[in-house]
Amino acid sequence: MSLAPGMTEQLSRARADLRLGVPVVLHDGTHAIVAAAAETLGKVRWRAMQELGAPLTLAVTARRAATLKARAYDGDLARIAVPASADLRWIAQVADPADDLNAPMKGPFQTLREGDATLHRAAIALLKGARLLPAALTAPVVGNAAEFAGRHDLISIPVDQIDDSAALLEKVVSARVPLAAAAGTRLHVFRPEDGSEEHYAIEIGQPDRAAPVLARLHSACFTGDLLGSLKCDCGPQLRGALARMGAEGAGVLLYLNQEGRGIGLVNKMRAYSLQDQGFDTVEANHRLGFEDDERDFRIGTAILKSMGFGAVRLMTNNPAKVAMMEAQGITVTERVPLKIGENPHNADYLATKAAKSGHLL
Ligand SMILES: Nc1nc2c(ncn2[C@@H]2O[C@H](COP(=O)(O)OP(=O)(O)OP(=O)(O)O)[C@@H](O)[C@H]2O)c(=O)[nH]1
Ligand SMILES: [Zn+2]
């Protein structure tokens, strides 16, 4: 028995530290790096990183590297050597595409070829999990990593012990919430053990667990769901799905807090700002350093299974969602199209989703 945090808890702490602007140490038994989020890096930590006297690198994803015309020798990421002349503004401009069009002449960049990028890859994964821009300022730790982390009071993560299994979810509470769409509705709240955001299951009527349930995996969209934004179709899809379940008398809608296809609201707004500059929804994600879809669909299937559902009639226009559900062991007996909410403001968005992300029109 131990009161000490386990690996999942340590990772959650590391994400919180990165959001605060505090660096973390990542090690694999042989090598170690200290990594800070480019986005939250302040003057004091920037100086302290420089004073380590080790060569600094800015690790970015291959997506961001492509925009920067930097060679990604590590496949999915690039380790950009930070030049001696770099300042905090340089770091911000490489990490954040906000100014790409105003200041197109960045670089040329020297990226590292030698050595292993496993620790940098772990840093990028932590940043994505923290919903920060995926760009990490790193320095190698010379000497004993545990001693270094202890001296600076930093969280130290053994990356070879990170496993990629989905976070376990615990049902915290259920209660009756009569909806306009269906009076007989219960809301269940699920809490991931990794300290990330809670997710909700909205159970309409009393669906038969032995038959395929009418289901929707809805990804949070603050702008569409709450504000009635016309830039997407999320609000009408949410209300349309609940209305259909209400009309059929049974269904389950999972409201998954994976805002902005898993990049978080701040990054989604960065993507919107790039869309204001003329980039489409997919290009905007890539310029920021993200894939077009960063959601983890294992969350949705885990919740369905824990509620006793094994088969669904899935309301979606996205065939990739169907494939992912099947891959996670939920049978999709039918894809129920959810074509609702098209307007002049989102026509291009929906066309891009059809052309680039395989959505069915
Ligand atoms: N990153 C990013 N996310 C967006 C954008 N517009 C909407 N979203 C998010 O996209 C998610 C909805 O995903 P969609 O791609 O519209 O649809 P889907 O869930 O893949 O497919 P359907 O089941 O057919 O709705 C929500 O989390 C929204 O917040 C955008 O321009 N950029
Ligand atoms: Zn939306």
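1. Let me start with R295, which in this predicted model sits in the loop between α11 and α12. R295 has 20 other C-beta atoms within 10 Å, so it counts as buried, given that 20 or more is the cut-off.

2. Which residues does R295 touch, leaving aside its neighbours within four places in sequence? The contacts are S219, Q258, R261 and G262. These could be handy to have on screen as you read on.

3. D293 belongs to the loop between α11 (281-288) and α12 (298-306). Is D293 buried or partly exposed? D293 has 18 C-beta neighbours inside 10 Å, and because a residue needs 20 or more to be buried, D293 is partly exposed.

4. Not counting residues up to four places away in sequence, D293 is in contact with R261 and G262. R261 and G262 also appear among the contacts of R295, if you would like to view the two sets together.

5. A word on annotation: UniProt lists D293 and R295 under "active site", and the entry is unreviewed. Such annotations may be inferred rather than shown by experiment, so please read the label with that in mind.

6. Finally, G115. Its place is in the loop between α4 (88-95) and α5 (118-129). With 14 other C-beta atoms within 10 Å, G115 is partly exposed, because that count falls between the limits of 12 for exposed and 20 for buried.

7. How many residues apart in sequence are G115 and R295? The answer is 180, and their C-alpha atoms are 30 Å apart in space.

How values were computed: Residues numbered from 1 in each chain as written. Chains lettered and ligands numbered in written order. Predicted model: local features only at pLDDT ≥ 70, side-chain atom pairs only at ≥ 80, totals over all residues. Helix = DSSP H or I, 4+ residues; strand = E, 2+ residues; numbered from the N terminus. Contact = placed C-beta atoms within 7 Å.
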